[in-house]
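Me: I have a structure to go through at the bench. Can we take it in short questions and answers?

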Amino acid sequence: DGRRGGDIYYFSVCSYDILILTRVCLADLRGHGEQVGALSEWIYAQMLEKMNTRDGALVLAGLNEVLHERGFEALTTAVVLSYNRQDRQLQYACAGHPPALWKQTGQSWKRLGVGPAEGAANLPLGVMRKVPYTETTWQGKAGDRVFLYTDGVLECPDADGVEFEAERLEATLERAEACDVHRLRRHVVAELESFRGGALDHDDCTLLALELH
């Protein structure tokens with residue numbers, strides 16, 4: 001919808017011969033539709049420039065700088081997830097975005113948090129020119145899953161205007177524990193459509209289900 005903005009996501013891998021570092025970025029733009037293409041290009045450029053570094057917070061800080069330098073007025077939330085296959089470390093940085101969900105093998109889904117910082121930190125892109133972004137690291141293992149999504153999922157309303165919200169999303173994921181990631185994604189979409197009572201036409205909805213190998 002040109003009036004609301006849009007969701008953008010990217011997958012990339014490091015430029016070395018061995019695919020060690022994988023990075024995912026998901027952003028939710030609130031602004032004019034013509035700005036979506038520009039932001040998409042800036043995200044892509046930042047991910048290329050910093051692909052071989054492990055700090056996803058640098059990607060967010062760089063994007064925030066670019067938005068201010070170029071007079072970008074839209075408010076944007078974003079999340080950057082990095083996975084190093086060599087040491088199985090999962091790194092997570094967030095700019096005012098709904099928290100990613102992580103499921104370790106044999107455990108329940110839980111929300112990923114970001115590292116502590118003093119003052120205003122980890123704010124949506126475009127709010128302030130100088131914002132510190134922090135990154136948290138977890139030790140992952142094969143079979144662990146991560147679920148990324150935009151707020152169109154949480155804010156999906158039913159016929160009475162009641163929103164889907166985080167607790168219902170987590171319960172939906174728990175019920176799909178036996179599904180592979182492809183069926184897991186379809187299961188969540190089906191639950192959203194059933195809750196909504198039809199097509200998900202209330203807002204942009206993006207969801208990504210990932211499994212570590």
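Me: Leaving aside neighbours within four places in sequence, which residues is Gln89 in contact with?
Reply: This is a predicted model, so the contacts are computed from its atoms. Gln89 is found in strand β4. With neighbours within four places in sequence left aside, its contacts are Arg54, Ser82, Tyr83, Asn84, Thr137, Trp138 and Gln139.

Me: Is Gln89 buried, partly exposed or exposed?
Reply: Buried needs under 20% relative accessible area, and exposed needs over 50%. Gln89 has 25% relative accessibility, so it counts as partly exposed.

Me: How far apart in space are Gln89 and Lys141, C-alpha to C-alpha?
Reply: In sequence, Gln89 and Lys141 are 52 residues apart. In space, their C-alpha to C-alpha distance is 8.4 Å.

Me: Which side chain makes a polar contact with the side chain of Gln91?
Reply: Gln91 is found in strand β4, residues 89-95. Its relative accessible area is 7%, so Gln91 is buried. Beyond its neighbours within four places in sequence, Gln91 is in contact with residues including Arg54, Val80 and Thr136. The polar contact, at 3.3 Å, is with the side chain of Glu135.

Me: How many salt bridges does the model have?
Reply: Side chains of opposite charge can pair when their charged atoms come close. The cut-off is 4 Å between a side-chain nitrogen of Lys or Arg and a carboxyl oxygen of Asp or Glu. By this rule the count is 9.

Me: How many residues apart in sequence are the parts that the pair Glu177 and Lys103 ties together?
Reply: The side chains of Glu177 and Lys103 meet in a salt bridge, 3.8 Å from N to O. Glu177 lies in the loop between α4 (165-175) and α5 (181-196), and Lys103 lies in strand β5 (residues 101-103), so the pair ties together parts whose separation in sequence is 74 residues.

Me: Which residue of this pair is buried, Glu177 or Lys103?
Reply: Glu177 has 46% relative accessibility and counts as partly exposed. The other partner has a relative accessible area of 8%. The cut-off for buried is under 20%, so the buried residue is Lys103.

Me: What separates the closest N and O atoms of Asp180 and Arg183?
Reply: Asp180 is partly exposed at 34%. Arg183 is partly exposed at 40%. The two form a salt bridge, and the closest N and O atoms are apart by 3.9 Å.

Me: Is Asp201, the salt-bridge partner of Arg196, buried or exposed?
Reply: The side chains of Arg196 and Asp201 meet at 2.9 Å, N to O. Arg196 is partly exposed, with a relative accessible area of 25%. Asp201 has 54% relative accessibility, so it counts as exposed.

Me: Which residues are joined into one network by salt bridges that share partners?
Reply: Sharing partners links these salt bridges into one network. Its residues are Glu65, Arg129 and Lys130.

Me: Which are the edge strands of the open sheet of 4 strands?
Reply: The strand order is β6-β5-β8-β9, with antiparallel pairing. An edge strand here pairs on one side only. The edge strands are β6 (110-111) and β9 (207-211).

Me: Which residue in β8 stands opposite Trp102?
Reply: β5 and strand β8 (residues 145-149) run antiparallel, joined by 3 bridges. Opposite Trp102 in β8 stands Val146.

Me: What angle does the direction of α4 make with that of β5?
Reply: α4 packs on the sheet. It touches β5, β6 and β8. Its direction makes an angle with that of β5 of about 30°.

Note on methods
Residues numbered from 1 in each chain as written. Predicted model: local features only at pLDDT ≥ 70, side-chain atom pairs only at ≥ 80, totals over all residues. Heavy atoms only, no water. Helix = DSSP H or I, 4+ residues; strand = E, 2+ residues; numbered from the N terminus. Buried < 20%, exposed > 50% of the residue type's maximum accessible area, 1.4 Å probe, protein only. Pairing = 2+ DSSP bridges. Contact = heavy atoms within 4.5 Å. Axes fitted to C-alpha atoms, helices over the stretch in contact; angles between N-to-C directions. Polar contact = N/O pair within 3.5 Å; in protein donor to acceptor, adjacent residues only side chain to side chain.
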